[in-house]
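Please load the model in your viewer and keep the selection panel at hand. The tour proceeds by selection, and each stop states what is to be found there.

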Amino acid sequence: RQQNIELQKKSAIIIKKEQTISLQRMLLIVAVTAIAIISTFVYVTLRLARLQKMVNNELNRLNEQLYELATTDSLTQLFNRRHFFESSQRQLSQLQRMADDGAILMIDIDDFKKINDEFGHALGDQAIAKIASILKGNLREYDFVGRVGGEEFAMLLSQCAFNTANKIAERLRKKIAELSIPHPQGAIKLTISIGLTMISKDDKEIEKVLQRADVFLYKAKAKGKNRVVSS
């Protein structure tokens, strides 16, 4: 009887231990499953965050490309006509508020039709691109330039007195007069004519300022080209 009682006690202990082991095993499985679920959730979250970042970066890149396409002339990488007009109008308003001097240059390649007719449009495009590069390379911090026609450019000079504007125009004219484009028939020389007008305190619309500069540009053409005519 005593042995049976001892055996029953031992059996009860063994059963209790087995129950404890089963419970621990179940808790371990639950813990491992929870860790796996949490790890998967963390991985998916990080992956989604990475994908979201990639998507945002791609959207930003596409938006920048769209903005560039909407505002930039593809051949010259200068402002296109519309963007130049819009930017110039904003700058005009600021110059008026600050009572600062400003100037507009209208620039046209001399005898450009002759260049296209004699040497082809590919060389004409090359001439436009080279001149655009010189114009862009001579901008000051607050100036900007745009291609406003086939071979016509416009430049806005901010915080610029007449003498400075005239010197800038002459420097541009001389630099382009020194430019030549190689060709089997011989080097092709290029020149530009420039009309310069100052922005007055009464100017409200940039179109009228550009029209005024355009008048002086035609006067430069009439006087023999390759020159700056100003008001």
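**An aromatic start**

Select Phe144: with a relative accessibility of 12%, this residue counts as buried, a term that means under 20% relative accessible area, with exposed being over 50% and partly exposed in between (1.4 Å probe, protein chains only). The model is a predicted one, in which local features need pLDDT of at least 70 and side-chain atom pairs count only at pLDDT 80 or more, while totals for chains, interfaces and linings use all residues. Residues are numbered from 1 along each chain as its sequence is written, and side-chain values use heavy atoms, with hydrogens and water left out.

Next, add Phe84, which is buried at a relative accessible area of 0%. Phe85 is buried as well. The ring centres of Phe84 and Phe144 lie 5.8 Å apart and the planes stand at 75°, so this pair is edge-to-face. Rings of Phe, Tyr and Trp (its six-membered ring) pair if their centres lie within 6.5 Å; planes under 30 degrees apart count as stacked, over 60 as edge-to-face and the rest as tilted. Phe84 belongs to helix 2 and Phe144 to strand 2 (residues 144-147), so the pair ties together parts that are 60 residues apart in sequence. Helices (H or I, at least four residues) and strands (E, at least two) are DSSP runs, numbered from the N terminus.

Extend the selection to Phe79, which forms one aromatic cluster with Phe84, Phe85 and Phe144. The whole structure holds three aromatic pairs. In one of them, Phe84 and Phe85, the centres are 6.5 Å apart and the planes are at 75°, so that pair is also edge-to-face.

**Helix 2 against helix 6**

Now show helix 2 (residues 81-98) and helix 6 (residues 206-222), whose axes come within 9 Å and cross at roughly 105°. Axes are lines fitted to C-alpha atoms, for helices over the stretch in contact, and angles run from 0 to 180 degrees between N-to-C directions. The two helices are therefore roughly perpendicular, the class for angles of 65 to 115 degrees (under 35 is roughly parallel, over 145 roughly antiparallel, the rest oblique). Phe84, Phe85, Ser88, Gln89 and Leu92 of helix 2 meet Ile206, Glu207 and Leu210 of helix 6.

**The sheet**

Switch to the strands: five of them form an open sheet of mixed pairing, in the order 2-3-1-6-7. Strand 2 and strand 7 (228-230) are at the edges with a single partner strand each, so one side of each has no neighbour in the sheet.

Zoom in on strand 2 and strand 3 (residues 152-158), which pair in the antiparallel sense over four bridges; a pair requires that DSSP find at least two bridges between the strands. These two strands form a hairpin with four residues between them. Val145 has Met155 as its bridge partner, and Arg147 stands opposite Phe153. Both faces of strand 2 are covered: Phe144 and Gly146 on one side, and Val145 and Arg147 on the other, are all buried.

**Ala169 in helix 5**

Finally, select Ala169, a residue of helix 5. Ala169 counts as buried, at 0% relative accessibility. Leaving aside neighbours within four places in sequence, Ala169 is in contact (heavy atoms within 4.5 Å) with Leu105, Ile194, Leu196 and Val228. The C-alpha atoms of Ala169 and Met106 are separated by 9.7 Å, although their positions lie 63 residues apart along the chain when counted as sequence separation.
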